[in-house]
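Got the viewer open? Then let's take a walk, one selection at a time.

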Amino acid sequence: MSGSSTIAIHADRDVRPSRAVAPPIYQTATFWAEDAEQFAQAAVHRRGQGFYTRYGNPNHAQVAAVVAELEHTEAAMVTASGMAALTTAVLALVSAGDHVIGQRSTYGGTASVLLNLLPRLGVSITQVDQTDHEAFEQALTPQTRLILVESPSNPLLQLTDLRAVADLARAHNVLTLADNTFATPINQRPAAFGIDLVWHSATKYLNGHSDVSAGVLAGPAHLLDRIWDVAVLTGAVLGPLDAWLLLRGLRTLPLRMPRHNANGQALAEALQDHPAVARVHYPGLATHPQHALAASQMSGFGGVLGIELAGGFEAADTFLDRLRYARRSASLGGVESLAVHPASMWRGMLGEEQLAASGVPLGLVRLAAGTEDTADLVADALAAADAVVAAVPSTVRELTR
């Protein structure tokens, strides 16, 4: 099999309708057919590219071809956002009376699907500690149809033993769906460990430039066909221009990720012993409780780290204010560094009790390292941490004595 950079540039060759070196943008809502038979065939072709853009578009097909090859799956499909990928997949794969297992440490949107959406539809859910793979087995019921995993998790960077969960699920005829947004297929391929379906918020690393909202799903064609049937009804369609921009971002993903990995590692190592910092959550650190598992599943550890400030909510806010390069903004995975306070951001998605149950500390900052020079990012983060020591009383200052 070809390397990742070659795949990212050439995997869509067979689905390019033109001979243009740079793929055109197929900015059209609909396509015409030569005759009735061709029209009828196009109308029922799942994940096609020549009938109606809600059903598929050449730009969609090009992205899907690259993502499937990068993830080492049979096929892939695109959606309007990462959440569209998740919700469409879940709606396609479970029904009222079914049971879904998820993680306690997971993205706030995913947690909201588990806690707020699915119960309204008659689907029961159980959240487990992802660091204990036996917890997944204990949560299984005869009605379990789907296990949702995310590794590393957002924002605590906890790991899930993908092979153990996949083996367990397959033994009980349960499907698995993994969020691979933080890792990307450059650092981790869940399908290699037996996971059935993989999804991404392609808004993040896959696009890499913070100018597109998109989602992707990758896995066996027969499962994606089921999901596509629902996607056509929900209409969570990715626009052709956004698909084209996503494809352009994918071309450089294998080049960008090593810098993200290096910056994340350097920041984690620099901050872990700072007196303002209670703990750094980053799987690349030897002190991470699941570092061995991370090293066995991942070839790189990504650019996202959780910085737990000892002074709590106020310290986290001060740290964010003093950062020069990382802007206070949601999202991650772009060439520019971004930082956010999850406890503030997720209050809009989760209730206070749900937020507390997620285990997200009030003093946690999620810092997503971009591709800036490593030394600049490290110096900036250390200066912000120094500012916390000076500005926040008691808790932090006591650590410096």
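Start with the lining of the largest pocket: its residues split into 16 nonpolar, eight polar and six charged. Keep in mind as you click around that this is a predicted model. The pocket itself has a volume of about 460 Å³. Select Arg 47, His 60, Ala 61, Ala 64 and Ala 76 to find the middle, since these lie nearest the centre among the 30 lining residues. Now colour by secondary structure: α3 (58–71), β1 (75–79) and α9 (221–234) are the elements that give two or more residues to this lining. Which of them gives the most? That's α3, with six residues.

**Next stop: Arg 47**

Stay with Arg 47, one of the residues nearest the centre of that pocket. Its place is in the loop between α2 and α3. Check its backbone torsions: phi is positive, about 50 degrees, although the residue is not a glycine. For context, most residues other than glycine have a negative phi, and most peptide bonds are trans. Is Arg 47 buried or exposed? Neither label fits, because its relative accessible area is 26% and the partly exposed class runs between 20% and 50%.

Another positive phi turns up at His 72, at about 60 degrees, and this residue is not a glycine either. Look for His 72 in the loop between α3 and β1. At 40% relative accessibility, His 72 also counts as partly exposed.

**Select the aromatics**

Now show Phe 39, Phe 51, Tyr 52, Tyr 55 and Trp 228 as sticks: together they form one aromatic cluster. A pair of aromatic rings is described by the distance of the centres and the angle of the planes, so have both tools ready. The structure holds four aromatic pairs. Take Phe 39 and Phe 51 to begin with: the ring centres are 5.3 Å apart and the planes sit at 65 degrees, which makes the pair edge-to-face because the angle is over 60. Phe 39 belongs to helix α2 (residues 36–44), while Phe 51 is in the loop between α2 and α3, 12 residues apart. Turn on the surface and compare the two: Phe 39 is partly exposed, with a relative accessible area of 43%, whereas Phe 51 counts as buried at 15%.

Then move to Tyr 55 and Trp 228. How far apart are the centres of these two rings? They are 5.6 Å apart, with planes at 70 degrees, so this pair is edge-to-face. Tyr 55 lies in the loop between α2 and α3 and Trp 228 in helix α9, so the pair ties together parts that are 173 residues apart in sequence. Trp 228 is buried, with a relative accessible area of 8%.

**On to the second largest pocket**

Select Tyr 107, Asn 154, Ser 201, Lys 204 and Ser 331 and centre the view: of the 20 residues that line the second largest pocket, these lie nearest its centre. About 260 Å³ of space lies in this pocket. The elements that give two or more residues to its lining are α4 (82–93) and β6 (197–201). Sorted by class, the lining has eight nonpolar, eight polar and four charged residues.

Asn 154 is worth a second click. The peptide bond from Asn 154 to Pro 155 is cis, with omega near 10 degrees. Pro 155 lies in the loop between β4 and α7. Step back along the chain and you reach the bond from Ser 151 to Pro 152, which is cis with omega near -5 degrees. You'll find Pro 152 in the loop between β4 (144–150) and α7 (162–171).

**Last stop: two helices and an isoleucine**

Show helix α10 (residues 240–251) and helix α11 (residues 253–271), which pack at an angle of about 60 degrees with their axes 5 Å apart. To see who makes the contact, select Gly 249, Leu 250 and Arg 251 of α10, plus Leu 253, Pro 254 and Arg 256 of α11. That contact has three nonpolar, one polar and two charged residues.

Keep Arg 251 selected and add Ile 9. Leaving out residues up to four places away in sequence, Ile 9 touches Arg 16 and Arg 251. Ile 9 is found in helix α1 (residues 4–10), and at 38% relative accessibility it counts as partly exposed. For a final distance, pick the C-alpha atoms of Ile 9 and Arg 248: they are separated by 9.0 Å, yet 239 residues apart along the chain.

Note on methods
Residues numbered from 1 in each chain as written. Predicted model: local features only at pLDDT ≥ 70, side-chain atom pairs only at ≥ 80, totals over all residues. Heavy atoms only, no water. Helix = DSSP H or I, 4+ residues; strand = E, 2+ residues; numbered from the N terminus. Buried < 20%, exposed > 50% of the residue type's maximum accessible area, 1.4 Å probe, protein only. Contact = heavy atoms within 4.5 Å. Axes fitted to C-alpha atoms, helices over the stretch in contact; angles between N-to-C directions. Nonpolar A, V, L, I, M, F, W, Y, C, P; charged D, E, K, R; others polar. 1 Å grid on protein atoms, 1.4 Å probe; cavity = no way out; pocket = protein on both sides within 12 Å on 5 of 7 lines; lining within 4 Å. Points joined across faces, edges and corners; volume = space filled by probe spheres on them. Phe/Tyr/Trp six-rings, centres within 6.5 Å; stacked < 30°, edge-to-face > 60°.
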